[in-house]
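Here is a colleague's note for a first-year reader, set out as numbered points. Please keep the sequence and the structure open beside the text while reading.

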Amino acid sequence: MADRLKNKVALITGGGTGIGKAIAIIFAREGAKVAVSGRTASTLTETVAHIIDEGNDAIYIQGDVSIAADADRMVEDTVAKFGKLDVLVNNAGVRASILTVLELTEDEWQRTFDIDAKGTWLCSKAAIPEMQKAGGGSIIMISSNCAYIGLRKQGAYNAAKAAQELLMKCMALDFAPDKIRVNSICPAWVRTEMNREQLAEMEANPDQEFPPGFKYTDVVDLHPIGRIGEPEDVAWAAVYFASDESTWATGSSLALDGGYTCQ
């Protein structure tokens, strides 16, 4: 086991699948005690079992980040188990259907903002007092390059991620005196449960166009590095922001996108 996160306690929202699961597993391997939260108990127990099988320490807390009482309980249960909270990873997220704002329902728009923006605020609000008690900490937003670009039929998701990005920068200023660092990671296409079925269908039909009007080869070509990202790519970046290696980094957005936004 490595020790870049030795003696740190981390809470990872959306920790049952995809990027959140990869972050939880790699954080634990790097020495952190880990709490994972999410809405689905079965996936959370799988993540925790994986971590414990590797000889590391983890718990899960079922809950919805968009509900204030659940966000508070996630932090409370983490501190009750491990004694403190050093790192919060705001990873939980949803993507609205690929539709124009004329076609989206109000419920779908609201749900996207409730999870991607409001959930980030509620979990951070619950975590910051514990980090103040601990003398500092790190809050990491798993955002998206969509926060910085326009895309057809993705108004709700891109707007919610843009809100998350500006919240990160404001929080970085507000809590710098408390030695609480707030940063974000902005991936492009990553092979996760959110888009796994879509990618599988595109790979199986490489010559067929899919909404919003591109083929699988087009998706790969968006990334000059020549491939779609994997959850572990994001997890290692999160290790940096969680570790003491990044004590001078706050208010930063890391474009982790295979060169997508360089074009």
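**Notes on charged pairs and a helix contact**

1. A salt bridge joins the side chains of R191 and E230, with a distance of 3.5 Å from N to O. This pair links distant parts of the chain, since R191 lies in the loop between strand 6 (180-187) and helix 6 (196-204), while E230 lies in the loop between helix 7 (216-221) and helix 8 (231-242), and the two are 39 residues apart. Please bear in mind throughout that the model is predicted.

2. The pair also belongs to a network of salt bridges, in which R191 and E230 are linked together with E203. As for its surroundings, E230 has a relative accessibility of 30% and therefore counts as partly exposed, because that value falls between the 20% and 50% cut-offs.

3. How many salt bridges does a search of the whole structure find? The search finds 10, and as general background, side chains of opposite charge can pair when their charged atoms come close.

4. Another of these pairs is formed by D64 and R111, whose closest N and O atoms are 3.1 Å apart. Here too distant parts of the chain are linked, for D64 sits in the loop between strand 3 (58-62) and helix 3 (68-82), whereas R111 sits in helix 4 (residues 106-134), 47 residues apart. D64 is buried, with a relative accessible area of 11%, while R111, at 28% relative accessibility, counts as partly exposed.

5. In helix 4, E130 and K133 form a salt bridge through their side chains, at 3.2 Å from N to O. Because these two residues are three apart in helix 4, about one helical turn separates E130 from K133. Is each partner buried or exposed? E130 counts as buried at 18% relative accessibility, whereas K133 counts as exposed at 65%.

6. The last point concerns two helices, helix 1 (residues 18-29) and helix 2 (residues 41-53), whose axes come within 10 Å and cross at roughly 20 degrees. Since an angle under 35 degrees counts as roughly parallel, helix 1 is therefore roughly parallel to helix 2. The crossing of helix 1 and helix 2 is right-handed.

7. Which residues bring helix 1 and helix 2 together? On the side of helix 1 they are K21, A24, I25, A28 and R29, and these meet E46, T47, H50 and I51 in helix 2. Sorted by character, the residues of this contact divide into four nonpolar, two polar and three charged.

Notes: Residues are numbered from 1 along each chain as its sequence is written. This is a predicted model: local features need pLDDT of at least 70, side-chain atom pairs count only at pLDDT 80 or more; totals for chains, interfaces and linings use all residues. Side-chain values use heavy atoms; hydrogens and water are left out. Axes are lines fitted to C-alpha atoms, for helices over the stretch in contact, and angles run from 0 to 180 degrees between N-to-C directions. Helices (H or I, at least four residues) and strands (E, at least two) are DSSP runs, numbered from the N terminus. Angles under 35 degrees count as roughly parallel, over 145 as roughly antiparallel, 65 to 115 as roughly perpendicular and the rest as oblique. A crossing is left-handed if the near helix is turned anticlockwise from the far one by less than a right angle, and right-handed if clockwise. Contact means heavy atoms within 4.5 Å. Ala, Val, Leu, Ile, Met, Phe, Trp, Tyr, Cys and Pro count as nonpolar, Asp, Glu, Lys and Arg as charged, and the others, Gly among them, as polar. A salt bridge is a side-chain nitrogen of Lys or Arg within 4 Å of a carboxyl oxygen of Asp or Glu. Buried means under 20% relative accessible area, exposed over 50%, partly exposed in between (1.4 Å probe, protein chains only).
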